[in-house]
Amino acid sequence: PFPSSEDGTDWLHAGASGAFDQHARAVAQNLVNAGLGNSVIRLAHEANDTAQPYSLDDSAADQSLWAQMWRHEALAMKSVPGAHFLMDWCINARYRPIPLANWYPGDDAVDIIGIDNYDSGVTPGQDRWGTIMGAADGVDTVVGFAKAHNKPISLPEWGLDSPGAEYHGGGDDPTYVNGIA
């Protein structure tokens, strides 16, 4: 959502004030020029993860600033002539259950609400599908949030992980595949 030169700076306050809007418009113009003006954009996806340079902080105030930054950039991208982007606000399921309302950028900026979800991280012996669906930031929560905002839902990333100590995946897990369907 911001130039890599901003990593390690106070990008959060800068972005919330609109400092990266021109960067977003330039990215959008490049996409339009390349014939990709109808793309679905997952801007700053999985921000509730901790591994991204744009990851959310723990405070509600910083989460609100993050939402403002995302909103600025999404609207800036949409403002470019020829841009007909759909903006997908996408979380990482069951990673860090930050209340969605704390960092939601707003209905006018978000077109789709997405969730990246795998059948991993469930301790053997637990109700795998129930855990995946019912987590604080699981599928049920995101589907309910999308419905409350009258938005379609996306599953940009989903899949099966291997069973075992590292991922605690379900392996060949037809219950998960049928549940996602």
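**Group meeting talk: a walk through one predicted chain**

From the N terminus on, the elements of this chain run α-α-β-α-β-α-β-α-α-β-β-α, and in total there are 7 helices and 5 strands, where helices (H or I, at least four residues) and strands (E, at least two) are DSSP runs numbered from the N terminus. Before I go on, please keep in mind that this is a predicted model, in which local features need pLDDT of at least 70 and side-chain atom pairs count only at pLDDT 80 or more, while totals for chains, interfaces and linings use all residues. Residues are numbered from 1 along each chain as its sequence is written, and side-chain values use heavy atoms, with hydrogens and water left out.

Let me begin with the overall shape. The radius of gyration of the chain is 17 Å, close to the 16 Å that the globule rule gives for 181 residues, so the chain is as compact as a globular protein of that length; the radius is taken over C-alpha atoms, and the rule is 2.2 Å times the number of residues to the power 0.38. Along its principal axes, the C-alpha trace spans about 50 × 35 × 30 Å. The accessible surface comes to about 8600 Å², of which 52% belongs to carbon and sulfur atoms, with areas from the Shrake-Rupley method and a 1.4 Å probe, and for residues only the protein chains shown counting as cover.

How much of the chain is buried? Buried residues make up 45% of the 181 residues, where buried means under 20% relative accessible area, exposed over 50%, and partly exposed in between (1.4 Å probe, protein chains only). If we take contact to mean heavy atoms within 4.5 Å, residues 24 or more positions apart account for 72% of the contacts with a separation of 6 or more.

A good residue to look at here is Met87, which is found in strand S2 (residues 86-92) and is buried, with a relative accessible area of 0%. Met87 touches, among others beyond four places away in sequence, Ile41, Leu43, Trp70 and Ala74. The C-alpha atoms of Met87 and Ala74 are separated by 6.8 Å, although the two residues are 13 residues apart along the chain.

Now to the aromatic rings. Rings of Phe, Tyr and Trp (its six-membered ring) pair if their centres lie within 6.5 Å, and planes under 30 degrees apart count as stacked, over 60 as edge-to-face and the rest as tilted. By this rule, the count comes to 9 aromatic pairs. One of them, Phe2 with Trp11, is stacked, at 4.9 Å centre to centre and with 25° between the planes, and both Phe2 and Trp11 are buried. Trp66 and Trp103, by contrast, form an edge-to-face pair, because their ring centres are 5.3 Å apart and their planes stand at 70°. This pair links distant parts of the chain, with Trp66 in helix H3 (residues 60-78) and Trp103 in helix H4 (residues 100-103), 37 residues apart. Both Trp66 and Trp103 are buried, and ring pairs link these two with Trp89, Tyr104 and Phe145 into a cluster.

Let me finish towards the end of the chain. Asp173 sits in the loop between strand S5 (158-159) and H7, and counts as buried because its relative accessibility is 9%. Val177 lies in helix H7 (residues 174-180) and, at 32% relative accessibility, counts as partly exposed.
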